[in-house]
Amino acid sequence: MEKWERDWIRDLARKKLEMANSPEQKELARLWTVHNDGKSERPMVHFEMGTVMEDGFHYTCRCTSEDARRIEADLGRTMQNQIMVGDDCCVTGDFYVCSNSWMKLFDLTPDRTYISGIGYHINPVIENLDTLDIIRPSAMGFDEDGADRALEYYGDLFGDILEVKKGQGSLYCVPTNTLVHLMTMENMFVEMCDNPENFAEMMNRLADDYCTYYTELEKRKILTPCCGNNPVQQGSFAFSDEMKKEGEITLKDVWGFMDSQETVDISPQMFHEMIFPAYKKISSLFGRLAYGCCEPVHPFWEKSLSTLENLRRISISPWCDEDYMGAALRGKGIIYQRKPSPLYIGGTYRELEEDAFREHIRTTMRAAEGCPLEITFRDVYTLNGNLNKPRRAVEIVREEIENTWRG
C-alpha cells in the first residue's frame with residue numbers, strides 16, 4: 001500500500017466517523033436497537049445496493065493496489081446508502097473484524113457451467129442416493145487467530161480514528177441451497193420420493209455436520225459479538241442491547257440465518273417431514289434466528305416455521321400471502337420483514353410508477369398492522385439510468401409510514 005493510499009483511507013475513516021457522530025445516525029442506531037429488542041418505534045427501511053448494476057450508483061475507489069482498494073471499498077460502502085438512498089442503513093464509528101472459518105458440505109465441490117450474465121448450469125455431483133457412499137463427513141477449517149491478526153492490522157491503519165473491534169454478521173446456513181448445488185433441484189426432488197430413507201439419513205448427517213461446525217466455532221472461541229452494526233441476512237442488521245455480553249461469546253449470543261427457497265414446490269407435509277427436522281436442529285443453536293429469502297413462507301408457517309422458538313425476523317417476499325402472515329405474526333414480536341417487489345424500481349420503466357408503488361406499500365402497512373415492520377428492498381438489478389429511483393421509493397415509504405402506518 002502506497003503512502004498516499006494509506007492517507008486517503010485514513011481520510012475516509014475520518015469522514016465515516018464524522019457521519020457516524022451526527023445526531024441522525026445515532027438516532028438510527030437507537031431505532032434499530034429497540035426495533036430488534038421488541039420495542040419497535042417505527043418501521044425500518046433498508047435498500048440493498050449490492051445487486052444494482054448501474055454506473056455511478058456505487059462507491060468508486062481511488063486506490064490502485066489490491067489491498068488498499070479492498071479496504072477503501074469496505075469503508076466507502078458503509079456510507080454509500082446515506083449518500084445515494086437516504087434509507088435507515090446506519091453509519092457507525094466502528095470497524096468489525098472476524099475470523100474466516102469454513103465448512104464444505106460432505107467434502108464435495110459443486111460443478112457449475114457458467115453462461116453470460118449471472119446464470120449458470122449445475123452439473124450434479126450427487127446423481128442419486130441409491131447408496132450413501134458419497135455422503136462423507138464435511139470438511140471444516142478454523143482460523144482461530146484471524147480476528148486477532150485483523151485487529152492488529154486495521155488497528156495500525158486507522159485504529160486511532162475508528163473503533164476497530166471484533167464482531168461478526170449472522171451465521172449463514174442454507175442447507176437446501178447447498179444440496180441443490182450438489183444434486184440439482186430435479187435430483188433432490190426425485191430422491192425424496194425414490195429414496196426417502198436415504199434422503200432422511202443424508203439430512204440427518206447434514207444437520208449433524210452443521211451443528212458440529214458451529215459448536216466448534218464456540219469451543220475454539222472464534223465467535224465474536226453480533227449485536228451492533230453487523231449484517232443479518234437478508235438485508236438487516238444485528239443491533240441489540242439485549243444481546244450485548246461481556247466475556248466469551250457463545251452461539252446463544254449471535255444471530256443465525258436460514259432459508260429454503262428450493263423447497264417451495266413440495267407440500268407443507270413433505271417439508272415438515274423431510275426438510276424441517278434438520279432446519280430446526282441447526283437453528284436451535286442460535287440465540288436469534290432470521291428466516292427466509294424469496295420463498296413464500298406462509299404454506300410452511302403453521303406446521304413448521306411457527307415452532308421455531310428463537311425466530312425473531314421472517315421474510316415476507318413478493319410471493320408471500322401478506323395478510324395471512326400479518327395475522328399469524330400479530331402480537332408475537334416477530335419482525336415482519338417485507339420485501340417489496342423489485343419490479344417497481346428495477347422494471348422496464350425509467351421513472352418510478354409512484355401511484356402503483358404507493359398502493360403496494362399501503363397494502364403492506366395494512367397487512368402488517370400490529371407487527372414490528374421492516375421494509376427491505378432486494379434484488380434490484382437495474383435502475384434504467386435513473387439513479388434517483390431508490391431514494392424516491394424510500395421517500396414514499398416514509399410518507400406512508402407517516403400517513404398509513406398504525407403500528
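Me: Cys294 has 23% relative accessibility; what does that make it?

Reply: The scale has three bins: buried is under 20% relative accessible area, exposed is over 50%, and partly exposed is in between (1.4 Å probe, protein chains only). At 23%, Cys294 therefore counts as partly exposed. Cys63, by contrast, counts as buried because its relative accessibility is 1%. Before we go on: this is a predicted model, where local features need pLDDT of at least 70 and side-chain atom pairs count only at pLDDT 80 or more, while totals for chains, interfaces and linings use all residues. Residues are numbered from 1 along each chain as its sequence is written, and side-chain values use heavy atoms, leaving out hydrogens and water.

Me: How many disulfides does the structure hold?

Reply: A disulfide here is a pair of cysteine sulfur atoms within 2.5 Å, and the structure holds 0 of them. Take Cys294 again: its closest cysteine sulfur, in Cys293, is 3.9 Å away, so that's too far for a bond. Cys63 has its closest cysteine sulfur in Cys61, at 6.8 Å, which is also too far for a bond.

Me: Okay, how do I read an aromatic pair?

Reply: You describe a pair of aromatic rings by the distance of the centres and the angle of the planes. Rings of Phe, Tyr and Trp (its six-membered ring) pair if their centres lie within 6.5 Å; planes under 30 degrees apart are stacked, over 60 edge-to-face, the rest tilted. Searching the whole structure turns up 18 aromatic pairs. One of them is edge-to-face: Phe47 and Phe57, with centres 6.2 Å apart and planes at 80 degrees. This pair links distant parts of the chain, 10 residues apart, with Phe47 in strand S1 and Phe57 in the loop between S1 and helix H3 (66-84). Helices (H or I, at least four residues) and strands (E, at least two) are DSSP runs, numbered from the N terminus.

Me: Are those two rings buried or exposed?

Reply: Phe47 counts as buried, at 0% relative accessibility, and Phe57 is buried at 0% too. Ring pairs also join Phe47 and Phe57 with Tyr344, Phe357 and Phe377 in a cluster.

Me: In what order do the strands of the open sheet run?

Reply: Strands pair if DSSP finds at least two bridges between them. The open sheet has 7 strands, in the order S1-S15-S14-S13-S12-S11-S8, with parallel pairing. Its edge strands, S1 (44-47) and S8 (171-173), each pair on one side only. S8 pairs with S11 (residues 255-258) in the parallel sense, over 3 bridges. Tyr172 stands opposite Phe257 in S11.
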